[in-house]
Amino acid sequence: MLDNLGAKMASFKNDIVEILPMLRKFAVSLTGNLSDGDDLLHDAVERAIMRCETFDSGRKLECWMFSIIKNLWIDGIRTKTRRGTTVEYTDRDTNLSIDGREITEQKLMTQKVLKAMSELPTTQNQVTFQVLIEGKSYKETALELNMPIGTVMSNLSRARKALIEKLY
Amino acid sequence: MAKISSETLMAYADGELHGGDKILVEEALKKDADLRDQLSRHYALKAELAMAFKEIDEVPMPADILGMLQEDSPQSSPKDNTVVSLTPPPVVHTRPSWQPAALAASVAVAFLAGMMVDGDGGDRGQKAAFTVSADLGTMLDHAASGTEAGGYKVEASFLDVVGTFCRSFTAAKTGGEQQGLSCRNAQGVWTLSVLTPTLPAKAYLPASGDTGGLIEQSTAAMRKLSISDERDYLSSD
């Protein structure tokens, strides 16, 4: 019994670890910056562990986690003071380029992109994240978000239009 | 020339068009500079998004998030990351009566519940106490160190700095062994302080594979009792 329950919990946690980078990016896409995204992710992981017994193993874990993240975000359950001093994403050394000016420009663009993403309505954000960042097909996205493909396309189209207007 | 809607062009940019629909868009693109310009913006947006989110992957994941997903409590060091640590009990439970329930089940519940309480959004670091099963409680009350019964073994006895009687034990189970430390509170209830669950292959195992570190750490400041000394603390009834 102990083995079974312990192994089940360990397996559940390991499954979350495997999709953690994706979950993190989704959280950041909602918050618009890394520190708030990490706070949101922290709360979501915490809630998932607390409620692991309610997870239906027939369901895709990432969909369940996305729902938790989205709901926490919508509910406004964010603890910005938890970590104390945080280093903003744009201040971090990403080592993407050796040219300082290029790094600065890229950081500013990254900040702009994340902010633009976070300003999208949640459904548009979620669809955009699935298709343009995770590279999922419209059909996969429709299945995972439980919406018709037409709705995926219309949300994606509106999101794209908004992003292009903000970024270019 | 067929009119290409913005959604159709978007679908083309996303690789969602095939066959005739795709050819239709490609024919239109050859003739329509504005359409090509729109398509280039779609590609540019995809590239910008990819670049921005790729950078997130390059920033290390916060340790506290990873800590929650390891086998042990978030407070433990990497060396101890195969164990669950439960702080001294802030909650007093009534002593359980003797029940035939297996120790393993109660310890498992304690482990899982402990993880959940640990993850509660309330006062961080504040954890509920978990009593051991009646079986183990009775064994810890009466059995001398080294006693084995029902798949469990009392390993050693200790007194903490305030004189609380604590005992380490192991539970031999299929697929591995659990180690624990339990202390008897003022009400005579054995509460679980430390538990080291069996780990799956994918868990965060320390290189040494040592899972007994926390028991040793937890008892480092305690006085280990000899077999003769521990008799003073064992119940004779």
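User: In which handedness does helix 5 of chain A pass helix 6 of chain A?

Analyst: In this predicted model, the crossing of helix 5 past helix 6 in chain A is right-handed.

User: What else should I read off for such a pair?

Analyst: Two packed helices are described by the angle between their axes and the distance between the axes. Here, the axes of helix 5 (residues 122-133) and helix 6 (residues 138-145) of chain A come within 9 Å and cross at roughly 140 degrees. Helix 5 and helix 6 of chain A are therefore oblique to each other, as angles over 145 degrees would be needed for roughly antiparallel.

User: Which residues make the contact?

Analyst: Helix 5 of chain A contributes Q126(A), V127(A), Q130(A) and V131(A), while helix 6 of chain A brings Y138(A), T141(A), E144(A) and L145(A). By character, the residues of this contact are four nonpolar, three polar and one charged.

User: Let's turn to helix 2 of chain A. Is this helix largely enclosed or not, and why?

Analyst: Good one to look at! Buried means under 20% relative accessible area. In helix 2 of chain A, 15 of the 17 residues are buried, so the helix is largely enclosed by the rest of the structure. Helix 2 (residues 34-50) of chain A reaches 24 Å from its first C-alpha to its last, close to the 24 Å expected at 1.5 Å a residue.

User: And in chain B, is E26(B) buried, partly exposed or exposed?

Analyst: E26(B) is partly exposed, with a relative accessible area of 28%. This residue sits in helix 2 (residues 19-31) of chain B. E26(B) and L9(B) are 17 residues apart in sequence, and their C-alpha atoms are 9.7 Å apart in space.

Conventions. Residues are numbered from 1 along each chain as its sequence is written. Chains are lettered from A and ligands numbered from 1 in the order in which they are written. This is a predicted model: local features need pLDDT of at least 70, side-chain atom pairs count only at pLDDT 80 or more; totals for chains, interfaces and linings use all residues. Side-chain values use heavy atoms; hydrogens and water are left out. Helices (H or I, at least four residues) and strands (E, at least two) are DSSP runs, numbered from the N terminus. The expected span of a helix is 1.5 Å times one less than its number of residues. Buried means under 20% relative accessible area, exposed over 50%, partly exposed in between (1.4 Å probe, protein chains only). Axes are lines fitted to C-alpha atoms, for helices over the stretch in contact, and angles run from 0 to 180 degrees between N-to-C directions. Angles under 35 degrees count as roughly parallel, over 145 as roughly antiparallel, 65 to 115 as roughly perpendicular and the rest as oblique. A crossing is left-handed if the near helix is turned anticlockwise from the far one by less than a right angle, and right-handed if clockwise. Contact means heavy atoms within 4.5 Å. Ala, Val, Leu, Ile, Met, Phe, Trp, Tyr, Cys and Pro count as nonpolar, Asp, Glu, Lys and Arg as charged, and the others, Gly among them, as polar.
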